[in-house]
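Got your viewer open? Let's take a walk through the pockets, one selection at a time.

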Amino acid sequence: MINTIILPEPTLRRLPWYLAYIDILKAQKVEHVSSTQISRALNVDASQIAKDLSFLSLKGKTRIGYEVDALASTLSDFLGFHTPHKAYVFGAGSLGKALMQDSGLANYGLNIVAGFDVDAAKVGSMVGDVPIHHIDSLEEVMEADPATIGILTVPADKAQDTADIAIGEGIKAIWNFTPYRVKVAEGIVMSNTSIYAHLALIYNRLNAER
């Protein structure tokens with residue numbers, strides 16, 4: 001099942017937390033879990049958890065809670081993790097290479113099938129099973145093994161141009177790991193994962209505790 005419901009973003013950000021915890025319970029052979037148990041484990045209000053899970057077709061039972069196996073499967077399906085998506089990584093530096101070698105992403109439906117760079121020393125090489133191409137060959141690669149998601153790990157000053165090139169060749173979603181806020185046209189899915197913003201938050205909180 002492909003989820004067509006547009007969820008509030010805060011809810012969508014919490015659902016993977018629930019899934020991670022439910023997967024732990026599943027591995028421990030736990031059969032049922034309640035919103036209250038999830039609340040204690042994740043420090044999220046139980047009423048908020050119940051509200052978030054109300055978007056699922058699965059319903060919990062009074063005094064029993066949710067069946068762990070069913071909840072894990074329903075959450076994963078609802079989040080789209082059962083549906084495979086092909087992706088390209090733009091920028092074969094340390095972060096880009098780490099993502100290409102992260103086999104765990106495939107467990108969540110993300111299959112990185114190619115990387116792109118402008119460095120002649122990297123073009124033509126392999127990162128695990130992922131070939132590195134020159135960005136100029138994007139159109140050719142797109143025809144041979146099309147992807148819908150572009151992952152940006154290029155330098156900040158190249159982020160917008162790279163996104164424009166990727167979208168121009170048919171990429172439908174951008175996952176941006178650069179600190180630059182890339183602009184995309186309406187209809188293109190955009191998600192920013194700013195490592196530096198979170199690092200700044202950690203530093204700020206650490207300094208406030210001194």
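How many nonpolar, polar and charged residues does the lining of the second largest pocket have? The split is 8 nonpolar, 4 polar and 3 charged. Keep in mind as you click around that this is a predicted model.

**Stop one: the second largest pocket.** Select Val 118, Ile 135, Val 154, Lys 158 and Thr 162: of the 15 residues in the lining, these lie nearest the centre of the second largest pocket. The space you're looking at has a volume of about 260 Å³. Now colour β4 (110-117) and α7 (159-168), since each supplies at least two residues of this lining. The largest share comes from α7, with 3 residues.

**Stop two: the largest pocket.** Next, select Leu 12, Leu 79, Phe 81, Val 189 and Ser 191. You've landed in the largest pocket, which holds about 1,600 Å³ of space. Those five are the closest to its centre among the 32 residues that line it.

Which elements should you colour here, each supplying at least two residues of the lining of the largest pocket? Go for α1 (9-27), β8 (173-176) and β9 (189-192). Linger on α1, which gives the most to this lining: 7 residues.

**Last stop: colour by class.** Stay in the largest pocket and switch the lining to a nonpolar, polar and charged scheme. You should count 21 nonpolar residues, 8 polar ones and 3 charged ones. Then hop back to the second largest pocket with that scheme still on, and you'll find the 8 nonpolar, 4 polar and 3 charged residues from the start of the tour.

Definitions and conventions. Residues are numbered from 1 along each chain as its sequence is written. This is a predicted model: local features need pLDDT of at least 70, side-chain atom pairs count only at pLDDT 80 or more; totals for chains, interfaces and linings use all residues. Side-chain values use heavy atoms; hydrogens and water are left out. On a 1 Å grid over the protein atoms alone, a cavity is a set of points where a 1.4 Å probe fits but cannot get out, and a pocket is an open set with protein on both sides within 12 Å along at least five of seven lines; lining residues have an atom within 4 Å of a point. Grid points are joined across faces, edges and corners, and a volume is the space filled by probe spheres set on the points. Helices (H or I, at least four residues) and strands (E, at least two) are DSSP runs, numbered from the N terminus. Ala, Val, Leu, Ile, Met, Phe, Trp, Tyr, Cys and Pro count as nonpolar, Asp, Glu, Lys and Arg as charged, and the others, Gly among them, as polar.
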